[in-house]
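Please open the structure in your viewer and keep the selection panel at hand. The tour below goes from stop to stop, saying what to select and what is there.

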Amino acid sequence: MAKEEPPSTSKDLQELQKKLSLLIESVQNNPKVVAFLKSPVGQYLDRHPFLTLTLLVFVAVSAVPVGFFLLLVVLTSLAAFVGVILLEGLVISVGGLSLLCVLCGLGFVSLALSGIIIVSYVVVSSLISYWFSPRFHI
């Protein structure tokens, strides 16, 4: 016999859906978001959701390497005030090339993660709609 799920699970899912819809509504009604979506860049990104997701993942993933690079620049600049000017140029050049390589790699990783997220969303939403769709027994 198939095991029936408790009725509280359905109520929990409805509660979660209500909370998520309120969160999405509050973000969509934010004046800054509305102003951005009316701009040409916002309209372009609204028409290209995969590019938007890729850009969002890329920015989120590349924040740490860029932060480390900026920290490296500040520290080497402080060292330059002490008198190590040649070393600063070399370290910033090597650091810049390293950052370029890391960001290129993160760009490809962002594309792959966006693809995985999109496929997972489609699969999960299809499964949920199949599981919770009304079934007629004939």
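Contact, wherever the word is used on this tour, means that heavy atoms lie within 4.5 Å of each other. With that meaning in hand, select Gly-95, which touches Phe-69 and Leu-72 when residues up to four places away in sequence are not counted. Please keep in mind throughout that what you are viewing is a predicted model.

**Stop 1: around Gly-95**

Gly-95 has its place in helix H5, and if you colour that helix you can follow it from residue 85 to residue 131. Is Gly-95 buried or exposed? The cut-off for buried is under 20% relative accessible area, and Gly-95, at 11% relative accessibility, therefore counts as buried. Now add Leu-70 to the selection and draw a distance between the two C-alpha atoms: Gly-95 and Leu-70 are 25 residues apart in sequence, and in space they are 9.8 Å apart.

**Stop 2: the whole chain**

Zoom out and show the protein as a cartoon, where the secondary structure comes to 5 helices and 0 strands, so that reading along the sequence gives the pattern α-α-α-α-α. Turn the model slowly, and you will find that the C-alpha trace spans about 85 × 40 × 25 Å along its principal axes. The radius of gyration of the protein is 24 Å, whereas a compact globule of 138 residues would have one near 14 Å.

If you switch to a surface view, the accessible surface comes to about 11,300 Å², and 75% of that belongs to carbon and sulfur atoms. Of the 138 residues, 11% count as buried. Among the contacts between residues at least 6 apart in sequence, 65% join residues that are at least 24 apart.

**Stop 3: Ser-114 and its partners**

Return to helix H5 and select Ser-114, which has its place there. This residue is buried, because its relative accessible area is 0%. To see what is in contact with Ser-114, leave aside the neighbours within four places in sequence and show Phe-50, Leu-53, Thr-54 and Val-57.

**Stop 4: Val-124, Asp-46 and Ile-128**

Still in helix H5, move on to Val-124, which is partly exposed, with a relative accessible area of 44%. Then select Asp-46, whose place is in helix H3, and which is exposed, with a relative accessible area of 58%. How far apart are the C-alpha atoms of Val-124 and Asp-46? They are separated by 23 Å, while along the chain the two residues are 78 apart. A second distance can be drawn from Asp-46 to Ile-128, which is 82 residues away along the chain, and here the C-alpha atoms are separated by 25 Å.

**Stop 5: the second largest pocket**

Keep Ile-128 selected, since Ile-128 is one of the residues that line the second largest pocket, and add Ser-10, Leu-13, Gln-14, Leu-16, Gln-17, Leu-20, Tyr-121, Ser-125 and Phe-132 to show the rest of that lining. About 320 Å³ of space lies in this pocket. Helices H1 and H5 each supply at least two residues of the lining, and H1 gives the most, with 6 residues. Colouring by class will show 6 nonpolar residues, 4 polar ones and no charged ones in the lining of this second largest pocket.

**Stop 6: the largest pocket**

For the last stop, select Val-27, Gln-28, Val-33, Leu-37 and Thr-52, which, among the 14 residues lining the largest pocket, lie nearest its centre. The volume of this largest pocket is about 590 Å³. Which helices each supply at least two residues of its lining? They are H1 (7-28), H2 (31-38), H3 (40-47) and H4 (49-82), and each can be coloured separately to follow its share. Helix H4 gives the most to this lining, with 5 residues. By class, the residues around the largest pocket divide into 10 nonpolar, 3 polar and 1 charged.

Notes:
Residues numbered from 1 in each chain as written. Predicted model: local features only at pLDDT ≥ 70, side-chain atom pairs only at ≥ 80, totals over all residues. Heavy atoms only, no water. 1 Å grid on protein atoms, 1.4 Å probe; cavity = no way out; pocket = protein on both sides within 12 Å on 5 of 7 lines; lining within 4 Å. Points joined across faces, edges and corners; volume = space filled by probe spheres on them. Helix = DSSP H or I, 4+ residues; strand = E, 2+ residues; numbered from the N terminus. Nonpolar A, V, L, I, M, F, W, Y, C, P; charged D, E, K, R; others polar. Rg over C-alpha atoms; globule rule 2.2 N^0.38 Å. Buried < 20%, exposed > 50% of the residue type's maximum accessible area, 1.4 Å probe, protein only. Areas by Shrake-Rupley, 256 points an atom, 1.4 Å probe, with all protein chains shown as cover.
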